[in-house]
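Reader: I would like a close look at the strands and aromatic rings in this structure, with the distances and angles spelled out so that I can follow the reasoning. Could you begin with a single residue and work outwards from there?

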Amino acid sequence: MNKLCFICAICFSVFAQAYTTDPENDIDKTGTISGVVLDADLKQPLPYVNIIVKDAKGETLTGGITLEDGHFEIKKINEGEIIVSIQYIGYRTIERNFTVGKGNYKIDLGSIYLVEEAEGLDEVTVIAEVSTIQQKVDRKIITIGKDLAASGTASELMVGIPLVSIDAQTGDISLRGNSNVQVMVDGKLSTIPTAQLLKQIPSTAIKSIELITNPSAKYNPEGMSGIINIVLHKNTTIGFNGNVTVGLSKEIEAKFNSSLNMNYRNGKFNFYGNYSNNISKNKNHGNVYRPENNSEQFFKFLDQRENHQYKLGVDFYLNEKQTISLFTNQNITDNSTTGRTTALFYDNTVFNQDQIFINVGDNTSSQYNFDYKIDFAKEGSNIELEIDHNVYEGENPVFFDQIAGPLSDYTDFNETDRSNTTVNLDYVNPFSENTQLELGLQARLFNTDIAYASTGESYNESGVLVPTPSTNFDYTRDIYSAYATLSKKLEKWTYQIGTRIENVNVDAIALQQDVLTNDITEIPFRNDYFQIYPSVFITYSPSEKNSYQMSYSRRVDRPGIGQLNPIKEWSTPLVSSYGKQDLEPQFTNSVELNYTRNLNNRKGSITSGIFYRAISNEINRALFIDRSDVTSGRVILTHDNFDNTSAFGLEVSSNYRPFKWWSINGSFDLYSQTQKGIAENIRDGVLIENATITDIETDVTEVDNVAWNLRMFNNYSLNKNLTLTAFGFYRGKNRNLQFDVKPMYFVNLGMRYSFLEDNKATFAFNYNDVFNTMRFAFNGIRPYAQIGAFHWESNTWNVSLSYRFGGGKYRAKSRKQRDNNVKSNNGGFL
């Protein structure tokens with residue numbers, strides 16, 4: 001663990017309350033307890049662990065914390081029966097009974113190994129100086145330190161997370177090079193689109209990122225490449241306490257964020273509330289050149305975001321066995337984008353187009369969560385009911401000002417209403433210390449209604465401009481599932497087997513209304529299916545230093561709303577994006593092998609792994625030439641299902657501390673995948689301006705993509721108050737169906753200074769993309785030859801100030817973390 005990891009969260013140490021001497025001979029008859037606390041998996045010392053000494057009635061007598069090497073010693077403990085409680089965030093508490101008295105005044109507990117909780121504990125968390133990476137049986141956990149927390153938003157923070165990539169244009173996220181990934185927040189579904197959600201969460205609100213690359217049957221089976229779970233801080237300490245953070249960053253435009261977390265714990269109730277905001281302006285620009293018709297598109301955008309998030313919750317402890325928890329999240333967002341897209345045809349200016357668009361949108365989302373948990377007499381046995389309801393409402397009008405070109409000014413109107421209700425019933429029964437059974441039932445009811453209308457014109461199939469038809473898209477998907485997992489430990493072996501069964505009902509209908517005749521065209525779609533998803537996990541630990549893991553799971557990728565919605569998603573002078581209503585799910589069989597090695601002298605650990613995925617009915621991009629406007633080179637971007645394909649890759653990550661003052665976190669990942677898609681071209685020898693529909697050639701294109709990424713954090717602790725950080729990133733070139741992406745690299749530098757009593761205040765300064773090298777540059781041949789690049793505000797400086805108030809520590813309600821999302825949209829508009 002890092003030097004300052006969790007230092008403030010464990011300030012709950014009570015010093016000696018009694019000093020007893022023998023009145024007759026003045027001999028001190030008090031006891032001393034000592035020992036060393038270690039992580040059971042990593043065999044590394046745990047600093048700042050709470051050691052609490054209680055009497056036989058459970059009343060606190062005294063206590064202390066472990067040092068950086070994990071050792072502790074508590075003196076002047078009165079004679080009598082005592083209970084020693086060893087507590088640390090995210091680990092199972094250990095309690096031992098002793099008697100202090102004649103012949104037993106010095107008690108040496110030796111090495112005490114703490115085991116991490118199987119489910120995350122929502123507790124007060126203090127941000128460590130540097131981020132850490134841990135490989136667990138079914139997930140990789142990146143604990144967010146101050147080096148990453150100063151990034152600004154979750155979207156910016158994700159750039160530094162191993163295996164994760166963020167699309168510079170759209171903000172969409174991918175894992176191991178694949179965008180078929182599920183994103184959760186505290187294990188819960190959000191109705192907010194993923195790209196938007198990541199831009200709304202301040203990085204300072206994030207406790208850790210969990211990469212679950214091969215989830216078990218306990219988790220919902222969506223996401224070919226797995227699950228990304230964003231775990232937020234939750235403060236649940238005794239009394240009233242919390243923290244406040246403010247931050248400012250700038251290159252061209254200013255970006256401001258702040259957060260306030262408060263908590264009050266007293267008796268049977270724990271109340272908590274969070275507020276955060278993100279107010280920013282962002283400029284970006286780019287260009288795309290097509291040599292075939294000597295044309296070039298230029299893009300300039302100014303995005304303005306104002307987001308406010310509120311969370312209120314309460315945990316009610318009915319008794320020691322029953323807990324009721326309620327919370328609500330409220331999210332209010334106002335976004336606007338002003339952009340200008342210009343298409344210049346240098347050889348034939350009659351096709352020139354120039355438009356300004358203004359998009360002013362607002363949306364609100366609300367989450368309401370109820371949880372009731374009963375712990376049975378048998379330790380570890382419980383049953384839990386959880387009901388989660390989400391609603392989302394958004395309006396997104398876009399005004400297009402046609403400066404030059406064949407179209408007139410027009411406005412597109414988009415309204416979205418979305419709801420999602422999830423009911424979970426989970427049961428856990430540990431048959432013995434080494435065997436456990438888990439059973440669960442789940443119902444997920446999802447509906448979205450999207451209404452689109454336009455005052456403009458569009459080309460019909462005959463190439464004639466007509467009023468754009470209005471469209472309403474109603475989509476309903478209900479999923480009913482059950483799962484069972486059995487885990488068992490046999491000396492050096494641990495295994496878990498499980499199965500999840502699902503019944504899915506999909507019902508969708510699109511209604512298109514002709515503006516002139518009011519005729520309505522119905523496009524219905526229905527898809528009901530039943531599937532079984534098995535999973536197997538095996539771990540072999542021949543020694544304390546070595547661990548081997550193998551896992552298998554079957555997964556599904558259900559198409560997201562953006563891929564299904566037949567309404568135009570966005571448009572530029574030469575590209576329009578639409579969904580495909582009858583897209584079907586794709587299925588994946590995934591196998592992983594991992595090896596973890598703990599280094600000598602507690603210097604750190606190294607984890608390596610390989611994976612293989614067999615994919616059927618693959619969902620991927622399809623690019624069609626717009627039949628209504630062939631001679632201008634317009635294309636339509638959509639999705640389609642394709643035949644079977646496969647993917648494989650390898651990854652290596654390491655925590656290493658060469659010196660006490662220097663720690664390194666590094667990772668390398670490489671993946672390869674064959675991608676299939678439809679890409680249309682104009683026949684060789686035919687100029688675009690002379691082309692007709694009969695000159696269009698349609699081919700199923702296959703691309704073999706090999707890509708790699710390298711990340712490295714360096715943390716330098718100059719003293720207990722001041723640290724310096726350096727982060728380097730390099731992404732090798734990679735390919736997709738549309739184009740070849742050029743390499744990209746950048747370097748970030750930072751410093752942290754902690755001050756005031758117990759380092760309750762922290763000032764941070766960061767300088768990102770020091771050499772101004774971040775850009776998205778590409779070239780391609782489908783459906784036309786093109787060369788381009790996009791630039792954004794990456795060469796930014798950032799300052800932040802945070803302050804904690806209150807103290808103490810108390811374990812709060814433990815919540816399950818499960819995935820609960822669908823496949824997000826992916827790809828850019830080129």
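Author: Ile625 counts as buried because its relative accessibility is 1%, which falls under the 20% cut-off for that class. The model is a predicted one, and every value given here is computed from it. Ile625 belongs to strand E35, which covers residues 619–625. Leu637 follows Ile625 by twelve residues along the chain, and the C-alpha atoms of the two are separated by 8.9 Å.

The setting of Leu637 leads to strand E36, residues 635–641, where six of the seven residues are buried and the strand is accordingly described as mostly covered. E36 pairs with E35 through seven bridges, the two strands running antiparallel, and in this pairing Ile619 stands opposite Asn641 in E36. E36 is also joined to strand E32, residues 575–577, by three bridges, but here the strands run parallel. On that side, Ser577 is the residue that stands opposite Leu637. E36 therefore has an antiparallel partner in E35 and a parallel partner in E32. As a general point, the side chains of a regular strand alternate between the two faces of the sheet.

Strand pairing can also be followed in another part of the chain. Strand E17, residues 269–290, is joined to E18 by 22 bridges, with the two running antiparallel, and the bridge partner of Asn270 in E18 is Asp315. Four residues lie between the strands of this hairpin, and Asn294 takes a positive phi near 50 degrees there. E18 is joined in turn to E19 by 23 bridges, again in an antiparallel arrangement; Tyr310 has Gln330 as its bridge partner in E19. This second connection is likewise a hairpin, with four residues joining E18 to E19. A charged group and a ring also come together in this model: the charged end of Lys311 sits over the ring of Phe327, at 4.6 Å from the ring centre.

After E19, which spans 322–345, a loop leads to strand E20, spanning 353–375, and Asn352 is found in that loop. The side chain of Asn352 reaches back to the backbone nitrogen of Phe345, at 2.6 Å. Once neighbours within four places in sequence are set aside, the contacts of Asn352 are with Ala343, Leu344, Phe345, Ala404 and Gly405.

The aromatic rings can be taken next, and in general a pair of rings is described by the distance of the centres and the angle of the planes. Searching the whole structure gives 30 aromatic pairs. In one of them, Phe301 and Phe357 have ring centres 5.9 Å apart and planes at 55 degrees, so the pair is classed as tilted. Because Phe301 lies in strand E18 (residues 295–317) and Phe357 in strand E20, this pair ties together parts that are 56 residues apart in sequence. Both partners are covered: Phe301 is buried at a relative accessible area of 14%, and Phe357 is buried at 12%. For another pair, Tyr753 and Phe755, the ring centres are also 5.9 Å apart, but the planes are at 15 degrees, so this pair is stacked. Neither of these two residues is classed as buried, since Tyr753 is partly exposed with a relative accessible area of 37% and Phe755 is partly exposed with 28%. Phe301 and Phe357 also belong to a cluster linked by ring pairs, whose other members are Phe299, Phe400, Tyr410 and Phe790.

Phe755 brings the account to the end of strand E43, which spans 744–755, and Asn759 has its place in the loop between E43 and strand E44, spanning 761–767. Although Asn759 is a loop residue, it is buried, with a relative accessible area of 16%. Its C-alpha lies 7.6 Å from that of Asn721, a residue 38 positions away in sequence.

Set against the chain as a whole, these details belong to a protein chain with four helices and 47 strands. Of its 830 residues, 56% are buried. Among the contacts with a separation of 6 or more, 68% are between residues 24 or more positions apart. The chain exposes about 34200 Å², of which carbon and sulfur atoms supply 56%.

Technical notes:
Residues numbered from 1 in each chain as written. Predicted model: local features only at pLDDT ≥ 70, side-chain atom pairs only at ≥ 80, totals over all residues. Heavy atoms only, no water. Polar contact = N/O pair within 3.5 Å; in protein donor to acceptor, adjacent residues only side chain to side chain. Contact = heavy atoms within 4.5 Å. Phe/Tyr/Trp six-rings, centres within 6.5 Å; stacked < 30°, edge-to-face > 60°. Buried < 20%, exposed > 50% of the residue type's maximum accessible area, 1.4 Å probe, protein only. Lys NZ or Arg CZ within 6 Å of the ring centre and 35° of its normal. Areas by Shrake-Rupley, 256 points an atom, 1.4 Å probe, with all protein chains shown as cover. Pairing = 2+ DSSP bridges.
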